[in-house]
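This report describes one protein chain, moving from selected segments to the overall fold and then to individual residues. The sequence and the structure are shown first.

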Amino acid sequence: MDCSSCAAKIEGAARKVEGVQDVKVSIASQVMTLEVDDPSRRLPVLETAVTDLGYQLDRIGVRKDSGSEHDHDEDGDDDDHIPDLSHVTPAYKRALWIVVLLNVGYGIVEIAGSFIAGSQALQADSLDFLGDGLISFLGLIAVGWGLAARAKAALLQGIFLGLLGLGVVASTVYRVFIEHQPESLLMGGFALVAFVVNVLAAVVLIPHRKGDANMRAVWLFSRNDAIGNLAVVAAAGAVWWTGSQWPDLIVAFAVAGLFLQSAWSIIRDARSDLRQAGR
């Protein structure tokens, strides 16, 4: 559910540009921070390298309508600089709302399904849906927010997601010691529906997948999570074949681990953004 892979791709492309000494992309605020020896020469090359990957870049403090670059405030706070919003069309917002409703709605359904089927893998997967829905919702409501506001919202989100992930890990550890075989048919059925939901979300986002980093990340969430749903389906088949709960537990630990890694990445980058906004 995280967009660390997006950040890594952008950072990798930026580092290949001559003169770029350091680069960091925050997955909390979608802000890229650079150290470059000759900005006037290097930035156009860097922007081309990143947009070739399918991402859109907007320079903070630069408005496309005027073509002028606004200086930072004396205290260095970027929070009053509103990014260019020309890409935020009604269709863009509508697509994000559909993704939010699909993810949060089915996340709630899958939580109930995880208890009915007795599956920890479904429980972990349901948190993945809820996490993606929250990230999409943040991307929708935070359009035009300043750096500090986006960082604070992302920090609260990361903490909440981390607590949910720890809850799944704790309940999965409990199941290690309390033998319980999940209902494999129910488990597989809910996972297949989850796959369909993620495919639908990906289809909705296809026209916008080459937009800004946030929309690109949400599209990748849906695409990658559809692959993850197939892992839960495979685990359900393995539970049925072996008569053991271990395939379910192994997948649950793997999904929960990735979930916690995502939450920590959001928290880390949000704290870094808050420090930068406070300079």
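## Annotated segments and overall fold

Residues 95-117 form a span that is 100% helix and 0% strand, with its end C-alpha atoms 32 Å apart. The model is predicted, and the values that follow are computed from it. A second span, residues 226-243, is 94% helix and 0% strand, and its end C-alpha atoms lie 26 Å apart. Both spans appear in the UniProt record, an unreviewed entry, under the feature "transmembrane region", which the record also places at residues 129-148, 155-178, 184-206 and 249-267. The two spans are set side by side below.

| Span | Distance between end C-alpha atoms | Helix | Strand |
|---|---|---|---|
| Residues 95-117 | 32 Å | 100% | 0% |
| Residues 226-243 | 26 Å | 94% | 0% |

The protein chain contains 8 helices and 2 strands. Read from the N terminus, the order of these elements is α-β-β-α-α-α-α-α-α-α. Of the 279 residues in the chain, 47% are buried. Among contacts with a separation of 6 or more, 72% are between residues 24 or more positions apart. The chain has an accessible surface of about 13600 Å², and carbon and sulfur atoms contribute 63% of that area.

## Confidence

The mean pLDDT of the protein chain is 79, and 78% of its residues reach 70 or more. Over residues 63-83, pLDDT stays under 50; the model has 32 contacts beyond four places in sequence for this stretch.

## A surface patch and a buried residue

Which residues make the nonpolar surface patch of about 470 Å²? The patch is made by Trp97, Leu101, Phe137, Ile141 and Trp145. Helix H3 (90-117) and helix H4 (120-141) are the elements that give two or more residues to this patch. Leu101, one of the patch residues, lies in helix H3. Leu101 counts as exposed because its relative accessibility is 60%, and the cut-off for exposed is over 50%.

Thr172 offers a contrasting case. This residue is found in helix H5, which covers residues 147-177. Its relative accessibility is 1%, so Thr172 counts as buried, the cut-off being under 20%. Leaving aside residues up to four places away in sequence, Thr172 touches Gln120, Leu249, Ala252 and Phe253.

Definitions and conventions
Residues numbered from 1 in each chain as written. Predicted model: local features only at pLDDT ≥ 70, side-chain atom pairs only at ≥ 80, totals over all residues. Heavy atoms only, no water. Helix = DSSP H or I, 4+ residues; strand = E, 2+ residues; numbered from the N terminus. Buried < 20%, exposed > 50% of the residue type's maximum accessible area, 1.4 Å probe, protein only. Contact = heavy atoms within 4.5 Å. Patch = residues over 30% accessible without salt bridge, like charges linked within 9 Å, V, L, I, M, F, W, Y side chains within 5 Å. Areas by Shrake-Rupley, 256 points an atom, 1.4 Å probe, with all protein chains shown as cover. Salt bridge = Lys/Arg side-chain N within 4 Å of Asp/Glu carboxyl O. UniProt positions renumbered as here; feature names shortened; annotations may be inferred. pLDDT = per-residue confidence, 0-100.
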